[in-house]
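Let's take a walk through this protein together, from its overall plan down to single residues. Keep the viewer open and turn the model as you read.

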Amino acid sequence: MRIVAAAMSFGVAASVSAQMKPEDMIKARQSGYTFMAWNMGKIKAQVVDGSVPFNKDQVLAAANVVAAVANSGMGALYAPGTDKGMGWKETRLKPAFFTEQDEVRKIAMNFIQQANTLQQVAATGDQGAIKAQFGEMGKACKACHDKYRTEE
């Protein structure tokens, strides 16, 4: 159900993004991913590294953010031509992102599913299960990075 809702949100977001300049689209997606990464870092510190004591409420709040960003319809921020240019910094999106839409869609749907599962698992408070799902979420992120993002 969540995946269907997420897919539908791409259409709604597309009409909104049509009013945005390419550099604003790049800024918006860079901001979303940065905010998500910050929250994933909180989860990592508590359930993977153990550098911060585990706090179920904090981990759940961070997982909620990750799921919210994943389900936000960010796909609409990838308009043709946004593989070049500046947002907060130069975009690292590879042009292949626009020519391999079936693969992009597959990766995006997996990303959304893994984020939603992370949110569900975080609600249980089971550190082992959260750690395992955090790893799956990381693989989903890496799948896109490896194919469609240039290195810094």
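## A chain of helices

Starting at the N terminus, the elements of the chain follow the order α-α-α-α-α. That gives five helices and zero strands. What you have on screen is a predicted model, so a good place to begin is with the confidence of the prediction. The mean pLDDT over the chain is 91, and 88% of the residues reach at least 70. The elements do not share this evenly: α3 has the highest mean pLDDT, at 98, while α1 has the lowest, at 51. Where pLDDT is low, the predicted coordinates should not be read in detail. Please keep that in mind whenever α1, with its mean of 51, comes up below.

Two further figures describe the chain as a whole. Of its 152 residues, 36% are buried. Among contacts with a separation of 6 or more, 73% join residues that are 24 or more positions apart.

Now for the open space in the model. The largest pocket holds about 1,200 Å³, and 41 residues line it. Nearest its centre you will find Y33, M74, Y78, F97 and C144. Which helices supply at least two residues each to this lining? The contributors are α1 (2-17), α2 (22-49), α3 (56-70), α4 (101-124) and α5 (127-148). Since α1 is the element with the lowest mean pLDDT, its part in the lining deserves the caution mentioned above. As for chemistry, the lining divides into 27 nonpolar residues, eight polar ones and six charged ones.

C144, one of the residues nearest the pocket centre, leads us to the question of disulfides. The structure holds zero of them. Why does C144 form no such bond? Its sulfur is 8.7 Å from the closest cysteine sulfur, in C141, which is too far for a bond; a disulfide would need the two sulfur atoms within 2.5 Å. Looking from the other side, C141 has its closest cysteine sulfur in C144, again 8.7 Å away and too far for a bond. The two cysteines also fall into separate accessibility classes. C141 counts as buried, because its relative accessibility is 15% and the limit for buried is under 20%. C144, with a relative accessible area of 26%, is partly exposed.

Next, have a look at the loop between α3 and α4, where A96 lies. A96 is partly exposed, with 23% relative accessible area. Although 52 residues separate A96 from Y148 in sequence, their C-alpha atoms are 6.7 Å apart in space. E100 has its place in the loop between α3 and α4 as well, and with a relative accessible area of 31% it is partly exposed. From E100 to Y148 there are 48 residues along the chain, and 9.8 Å between the C-alpha atoms. Leaving out neighbours within four places in sequence, E100 is in contact with K147 and Y148.

Let's finish with some buried positions, beginning with I130 in helix α5. Is I130 buried or exposed? With a relative accessibility of 0%, I130 counts as buried. Which residues does I130 touch, not counting those up to four places away in sequence? They are I43, V47, F54, V59, L118, V121, A122 and G125. There is also a C-alpha distance of 9.0 Å from I130 to V48, a residue 82 places away in sequence.

Helix α5 is also home to Q133, a glutamine that is buried at 10% relative accessible area. Beyond residues up to four places away in sequence, Q133 touches Q114, T117, L118 and V121. Of these, Q114 is found in helix α4, and at 12% relative accessibility Q114 counts as buried. Setting aside neighbours within four places in sequence, Q114 is in contact with Q133, E136, M137 and A140. Try selecting Q114 and Q133 together in your viewer: you will be looking at a contact between a residue of α4 and a residue of α5.

Terms used:
Residues are numbered from 1 along each chain as its sequence is written. This is a predicted model: local features need pLDDT of at least 70, side-chain atom pairs count only at pLDDT 80 or more; totals for chains, interfaces and linings use all residues. Side-chain values use heavy atoms; hydrogens and water are left out. On a 1 Å grid over the protein atoms alone, a cavity is a set of points where a 1.4 Å probe fits but cannot get out, and a pocket is an open set with protein on both sides within 12 Å along at least five of seven lines; lining residues have an atom within 4 Å of a point. Grid points are joined across faces, edges and corners, and a volume is the space filled by probe spheres set on the points. Helices (H or I, at least four residues) and strands (E, at least two) are DSSP runs, numbered from the N terminus. Ala, Val, Leu, Ile, Met, Phe, Trp, Tyr, Cys and Pro count as nonpolar, Asp, Glu, Lys and Arg as charged, and the others, Gly among them, as polar. Buried means under 20% relative accessible area, exposed over 50%, partly exposed in between (1.4 Å probe, protein chains only). pLDDT is the predictor's confidence in each residue, from 0 to 100. Contact means heavy atoms within 4.5 Å.
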